[in-house]
Amino acid sequence: MLSWEHNPSFVWRSILSVKLVVRQGARWKIGAGFDIPIISEPWIGSGSSIPPVGDDMLALQPYSVGNLIDQERKVWNEPLVRQLFAVETANNILNTPLHHQVERDKLISKAEKNGHYYVRSAYRICIEEVINNDHLRKPGYWSDIWRLKVHPKVKNLVWRICRDCLPTRVKLRSRGVNCPSECVRCDDPHEDSYHLLFHCPITVNIWQTANLWHLIAPSIHQFDNAPDNIVTIMWSIRKARNMKLWQQVSDSTFTILERAKHLLEGWRSANRNKSLLRHDN
Ligand SMILES: [Zn+2]
C-alpha cells in the first residue's frame, strides 16, 4: 500500500478523482440547501456551478445554498442573490426552481432519472468526508458559525470540526487510510480533533499563553459561543500541525498566536465597511 505520509496529496487526489468521475453529469436537487456549498457545486439551473474565482466568490466558500433561501417561504432571497452575484448569475439562480416537496438536498444524475448510481456509490464516500448529516440536523448551529466575524477559512475549519470531518490521523484511519495514529506534535497515541485542539500539551500551552484557557476549559464542546479569537487560534493550531507534518516546521506558541492575530486583524480591517451575508437562517 502507498505510504501517504510521504505523498501528502495521495488522499486528496483520491477523493478528488472519485468526485470528478461522479460529478460529470450530476446536479443537485435543492431541499433546504444547507448540504450544498455555494461555490463549485452543480446546483444552478440544470447543473452549472459558480467557479471559485475572484475575491468575492472566494469569500462565499464557507456558505451554503441554504443561506440564499428564504426558508420559511422556500423562495430565493432575491435581494441577497442580486447583491452577491453578477446579473447573469443572479438571473440563473433566481430561475432555478425550488420545490416545497423536496426536503433533503440530493445529488442526482442528469443522465439516469433515478440517480441511483451516483448517490449510492462513489459520491457518498466522498461527501460523507465533508458533510456529516447527523451534525447537520442540529438546529441553530449553522447560523452561529456563519455569524462569526472571522476569516472564511476559519469558519470553514470550525464547520469541519463541528461536523467531525477534520482529516486527523484517527479520522483517516477510520476511513481505511494506512497512516500512524500518533499525534504529529506530541506522540500521544490518538490524534483526533479533540486532542489536536484541546488536549495536546502543546495546544494547552497555547491557550494558557493566550490567556484563554479559563474560558475554554469549562465549555470545551460549545463552539457556538466561541469568540472570534478562539476559533482563529484553533485555525492556527491546525495550520501548525500541518506544517509540522508536511514541512517538518515546528511553530512556537508565539508564532501560532501571532499568525492568528494577524489573520483576524487583517480580516477585520478588510471587512470593516462590508457586511457579508447579514442574514440569519
Ligand atoms: Zn499531541
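Among contacts in the protein chain between residues at least 6 apart in sequence, 59% link residues at least 24 apart. Keep in mind that this is a predicted model. The protein chain has 281 residues, and 29% of them count as buried. Its secondary structure adds up to 15 helices and 4 strands. Here's a tour of a few spots to look for in the structure.

**Helix α12 and its buried face**

- Start with helix α12, which covers residues 201-209 and has Ile202, Thr203, Ile206 and Trp207 as its buried residues.
- Look down the axis of α12 and those buried residues fall within an arc of 140°, so they line one face of the helix.
- What do the buried residues of α12 pack against? They pack against four helices: α11 (193-199), α13 (213-216), α14 (228-247) and α15 (253-270).

**Where α12 meets α15**

- The axes of α12 and α15 come within 10 Å, crossing at roughly 60°.
- The two helices α12 and α15 are therefore oblique to each other, and the crossing is right-handed.
- On the α12 side, the residues that meet α15 are Asn205, Ile206 and Thr209, and on the α15 side you'll find Thr253, Ile256 and Leu257.
- Sort the residues of this α12–α15 contact by type and you get 3 nonpolar, 3 polar and no charged.
- Ile206 turns up twice here: it is one of the buried residues of α12, and it also takes part in the meeting with α15.

**Where α14 meets α15**

- Helix α15 has another partner to check out, α14: the axes of these two come within 8 Å and cross at roughly 125°.
- That crossing angle makes α14 oblique to α15.
- Which way does α14 pass α15, in a left-handed or a right-handed crossing? The crossing of α14 and α15 is right-handed.
- From α14, the residues in this meeting are Asp228, Asn229, Thr232, Ile233, Trp235, Ser236, Ile237, Lys239 and Ala240.
- From α15, they are Ile256, Leu257, Arg259, Ala260, Leu263 and Leu264.
- By type, the residues of the α14–α15 contact split into 9 nonpolar, 3 polar and 3 charged.
- Ile256 and Leu257 of α15 are worth clicking on, since they meet residues of α14 and also residues of α12.

**Two loop residues with positive phi**

- Most residues other than glycine have a negative phi.
- Asparagine 211 isn't a glycine, yet its phi is positive, at about 60°.
- You'll find asparagine 211 in the loop between α12 and α13.
- Is asparagine 211 buried or exposed? Asparagine 211 is exposed, with 8 other C-beta atoms within 10 Å.
- Glutamine 248 isn't a glycine either, and its phi is positive too, near 55°.
- The loop between α14 and α15 is where glutamine 248 sits.
- Glutamine 248 counts as exposed because it has 7 C-beta neighbours inside 10 Å, and the exposed label applies at 12 or fewer.

**Isoleucine 93, a buried residue**

- Now move to helix α4 (residues 87-94), the home of isoleucine 93.
- Why does isoleucine 93 count as buried? It has 21 C-beta neighbours inside 10 Å, and the buried label needs 20 or more.
- Leaving out residues up to four places away in sequence, isoleucine 93 touches Ile44, Trp76, Val81 and Phe85.
- Isoleucine 93 and glycine 45 are 48 residues apart in sequence, yet their C-alpha atoms are 6.9 Å apart in space.

Conventions. Residues numbered from 1 in each chain as written. Predicted model: local features only at pLDDT ≥ 70, side-chain atom pairs only at ≥ 80, totals over all residues. Contact = placed C-beta atoms within 7 Å. Arc of directions from axis to C-beta. Axes fitted to C-alpha atoms, helices over the stretch in contact; angles between N-to-C directions. Parallel < 35°, antiparallel > 145°, perpendicular 65-115°, else oblique. Left-handed = near helix turned anticlockwise from the far one by under 90°. Nonpolar A, V, L, I, M, F, W, Y, C, P; charged D, E, K, R; others polar.
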